[in-house]
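Q: Please take a close look at a single helix in this model. I would like to know how it sits among its surroundings.

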Amino acid sequence: MQFLNTLNGLLEHVKSVERETIGLTQEAQLRFVRFLDKNKLCADDETLEAMQYQDIIAQQLSATIEAIESAQEHMQYFMHAFSEDDAIAAQSIEKMHGKLANALEKAKDKHSAFSGKVNREDDDDGIEFF
Amino acid sequence: MPLVIFVDDSETALASTRMVTDSMPITVKQYLSAVDALNEIKGGMVPDLIITDMNMPVMNGFEFLQGLRQVPGTARTPVLMLTTETRDELKAQGKALGLTGWVVKPFNPAQLKQAISRVLRLA
């Protein structure tokens, strides 16, 4: 049980660092925008495209925070069962394994879905009219 | 000038789109929340084009689109989804809901300008 408490603490730490990183990348980006505005400067197309990476970084990190929270929730169920009854705990660890594997798959799907055009090798321009 | 509204819960994403559209002959209004944008539209604002993000808290892009279609003034207004999402099933869902098009982030600024010009038939 102790190891699960430690793991839970580690996951809390990871979430905290990720939230801090989202905040820092956003602040860096907004300061850059304010600098451009203040000095009446225009970013070229390549820079404007790169400036959008902050939004993608934030979405990717938010998705991993969601995945961690899902894993923590399943761990909490197991920790509760473990404290109540050994037989239930044995069943619960199997269930927890399945739930954690599911959480991992969902996280991988979101990583792919929230990447936008980043890391894609096709030369699709990314705009599609219906 | 045509009114174009952008809806995105990311302040930095809105900053990027503002810098792209600054030189265009359009009026731009930006919203961090689809709920706020929809409330203004229900209050009488009639945009010529709406560009919205997909993944937003409280009201996502599809829910916003469905809300827009319930308002007489925006029942047929062109709507572009500007998103990191690339899944074909979501695009199909958007198309079925009446989306005009799908733009994947990070967008190419010149191509976004062309897309806006095309929808608004700007010279």
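**Helix H5 of chain B**

A: H5(B) is followed by B:Arg121, whose phi is positive, near 55°. That is the far end of the helix in this predicted model. Most residues other than glycine have a negative phi.

Start with the length. H5 of chain B covers residues 109-120, 12 residues in total. At 1.5 Å a residue, these should span 16 Å. The end C-alpha atoms lie 17 Å apart, which agrees.

Now the N-terminal end. B:Asn108 caps H5(B) there. A side-chain oxygen of B:Asn108 lies 2.9 Å from the backbone nitrogen of B:Ala110. The loop between S5 and H5 of chain B also holds B:Pro106. A cis peptide bond joins B:Lys105 and B:Pro106, with omega about -5°. Most peptide bonds are trans.

Next, the two sides. The buried residues of H5(B) are B:Pro109, B:Leu112, B:Ala115, B:Ile116, B:Val119 and B:Leu120. Seen down the helix axis, they fall within an arc of 120°, so they line one face of H5(B). An α-helix has 3.6 residues a turn, so residues three or four places apart point the same way. The face turned away from the buried side carries the exposed residues B:Gln114 and B:Arg118.

What covers the buried side? Both chains contribute to the cover. From chain A, it includes helix H2 (45-51) and strand S1 (127-129). From chain B, it includes strand S1 (3-7), helix H1 (11-21), strand S3 (49-52) and strand S5 (101-104).

The nonpolar core comes next. The largest one has 25 residues. Those with the most contacts inside it are B:Val4, B:Leu49, B:Ile51 and B:Ile116. Elements giving two or more residues to this core include helix H1 (2-38) and H2 of chain A. In chain B they are S1, H1, S3, strand S4 (79-83) and H5. H5(B) gives the most, with 5 residues.

B:Val4 shows one link to the helix. Leaving aside neighbours within four places in sequence, B:Val4 is in contact with B:Leu120. Its other contacts on that basis are B:Ile26, B:Thr27, B:Val28, B:Lys29, B:Leu49 and B:Ile51. Apart from this core lies another, of 24 residues, among them B:Met56, B:Met59, B:Val79 and B:Leu90.

Chain A takes part in the cover of H5(B), which leads to the interface as a whole. Here 30 residues of chain A are in contact with 35 residues of chain B. The area buried between the chains is about 2900 Å². Carbon and sulfur atoms give 60% of that area. In chain A, A:Gln52, A:Phe129 and A:Phe130 lose the most area to chain B. Together they make up 25% of what that side buries.

One more residue ties back to the loop before the helix. B:Asp53 is in contact with B:Lys105, leaving aside neighbours within four places in sequence. B:Lys105 is one partner in the cis peptide bond. B:Asp53 itself is found in the loop between S3 and helix H3 (61-70) of chain B. B:Asp53 is buried, with a relative accessible area of 1%. Its contacts also include B:Val7, B:Asp8, B:Asp9 and B:Thr83.

How values were computed
Residues numbered from 1 in each chain as written. Chains lettered and ligands numbered in written order. Predicted model: local features only at pLDDT ≥ 70, side-chain atom pairs only at ≥ 80, totals over all residues. Heavy atoms only, no water. Helix = DSSP H or I, 4+ residues; strand = E, 2+ residues; numbered from the N terminus. Expected span 1.5 Å × (residues − 1). Buried < 20%, exposed > 50% of the residue type's maximum accessible area, 1.4 Å probe, protein only. Arc of directions from axis to C-beta. Contact = heavy atoms within 4.5 Å. Polar contact = N/O pair within 3.5 Å; in protein donor to acceptor, adjacent residues only side chain to side chain. Core = buried A, V, L, I, M, F, W, Y, C linked by side-chain atoms within 4.5 Å. Buried area = accessible area lost by both parts, 1.4 Å probe.
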